[in-house]
Amino acid sequence: MARELGPAIAELRAVQAGASGPQVTGEWEVKCQNCGGTTGFNGSLTATKCPYCATPIQRDDVHNAPARLPVDGLVPFQVGEKQARELVEKWVAKRWFAPSNFKKYRRIGAFSSLYTAYFTYDADTRSWYQGERGDHYQVRVGTDSDGDPVYETRTRWSYVQGEVANDFADLPVLANDNMVRARIRALEPWPIEQARAYSPEYVAGHLSRTYDKDAEESFPEARQRMESAIESSVHRDIGGDEQRIHQLETSWNWLAYKHLLLPIWLLTVVYMNTTYQVYINGLTGQVSGDRPWSKVKIAAAIMAVLAIIAVIIGVYAASRGHHTPAHPTGPGHSTVAPPHPTTHR
């Protein structure tokens, strides 16, 4: 169920302003002192390393969860740990030029099932605009060298104004920092329509990343995407071959959000003081990630290719050098048969 953004944020700010300690009992969080990532969990914490930077978790960092916007729903995991490990094994095995030590991720990395925090936004907008519509037309400006007519394209501009309506539903925005957003977007689309009402049983045995930006702080990204869509709808409404928008005013008649948890498997490996992350969509098995490059393997591959090229050139040159005619002939090598002797009687 979507919540209206304004009243929900006002209520949250009031609670935060009047509270100095934890607000939610029965739910726990652990904040990594290295990367700052905060993870929520129910029951006992089974992870020993931070899922975002692979730093050992300090038990002293566990605390009651503070007041936050409640989770409205989630999409449960459909990819189990066995399948997820097989997928990441295949992905790592195909990174031919990754350092050999990176492939020992089981020892040096952290592999976790994790619910990431998203806010999805609904909006009902009405936009009024003023601008110009440009229609192309052809004008004959002369002839070419063959006597054929030459035309020039010109634009006739006319004033326009109008109104467009746009309705947005479930536009998702990742609410977590310290994650490679481009890699996370590569896991889309998410089947948000499959979301179920939040229940602790769904997150049991998994980590849940608490949001780093609340619904108000995450909204600017959603608003930018909505405004881009609104502008595109204005261009379509104006029509013609070209459009100019001089004034655009939008009324946000309804603005609501949902706080959703979406499932991923996360592999985090720290290699040469750099953190690399591999993400697996917990529903589809789609894999997206980064890994280091081995300069030694790349150099060896280049040397091998150069060696092969050198061998091919050498073989070709040798075959050309040893090719000589079996019976050379020419002006200086003519053969004349001796005359047959004659007998005179």
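Let me begin with a term: a residue counts as buried when its relative accessible area is under 20%, and Phe 219, at 9%, is therefore buried. Please keep in mind throughout that what we have here is a predicted model.

Phe 219 is a useful place to start, since the structure holds 8 aromatic pairs, and one of them joins Phe 219 to Trp 252, with ring centres 6.0 Å apart and planes at 80°, so that the pair is edge-to-face. The two partners come from distant parts of the chain, 33 residues apart, with Phe 219 in helix H6, residues 215-238, and Trp 252 in strand E10, residues 242-271. Whereas Phe 219 is buried, Trp 252 has a relative accessible area of 22% and is therefore partly exposed.

Trp 252 also leads us to Thr 125, which lies in strand E6, residues 109-143, and which is buried, its relative accessible area being 0%. Leaving aside its neighbours within four places in sequence, Thr 125 is in contact with a set of residues that includes Trp 252, along with Val 164, Phe 168, Ile 230 and Asn 253.

Staying with the aromatic residues, Phe 77, Phe 111, Tyr 115 and Trp 265 form one cluster. There are also charges over rings: the charged end of Arg 156 sits over the ring of Tyr 137, 4.3 Å from its centre, and that of Arg 244 sits over the ring of Trp 157, 3.7 Å from its centre.

Now to the helices H1 and H2. Helix H1, residues 5-17, has 13 residues that should span 18 Å at 1.5 Å a residue, and its end C-alpha atoms are indeed 18 Å apart. Which residues of H1 are buried? They are Leu 5, Ala 8, Ile 9 and Leu 12, and, seen down the axis, the buried residues of H1 fall within an arc of 95°, so they line one face of the helix. As background, an α-helix has 3.6 residues a turn, so residues three or four places apart point the same way. The face of H1 turned away from the buried side carries the exposed residues Glu 11, Ala 14 and Ala 17.

Helix H2, residues 81-93, likewise has 13 residues and reaches 18 Å from its first C-alpha to its last, close to the 18 Å expected. Its buried residues are Ala 84, Val 88, Trp 91 and Val 92, and because they cover an arc of only 95° around the axis, they lie on the same side of H2. On the face turned away from that buried side, H2 carries the exposed residues Lys 82 and Lys 90.

How values were computed:
Residues are numbered from 1 along each chain as its sequence is written. This is a predicted model: local features need pLDDT of at least 70, side-chain atom pairs count only at pLDDT 80 or more; totals for chains, interfaces and linings use all residues. Side-chain values use heavy atoms; hydrogens and water are left out. Helices (H or I, at least four residues) and strands (E, at least two) are DSSP runs, numbered from the N terminus. Buried means under 20% relative accessible area, exposed over 50%, partly exposed in between (1.4 Å probe, protein chains only). Contact means heavy atoms within 4.5 Å. Rings of Phe, Tyr and Trp (its six-membered ring) pair if their centres lie within 6.5 Å; planes under 30 degrees apart count as stacked, over 60 as edge-to-face and the rest as tilted. A charge sits over a ring if NZ of Lys or CZ of Arg is within 6 Å of the ring centre and within 35 degrees of the ring normal. The expected span of a helix is 1.5 Å times one less than its number of residues. The arc is that of the directions from the helix axis to the C-beta atoms.
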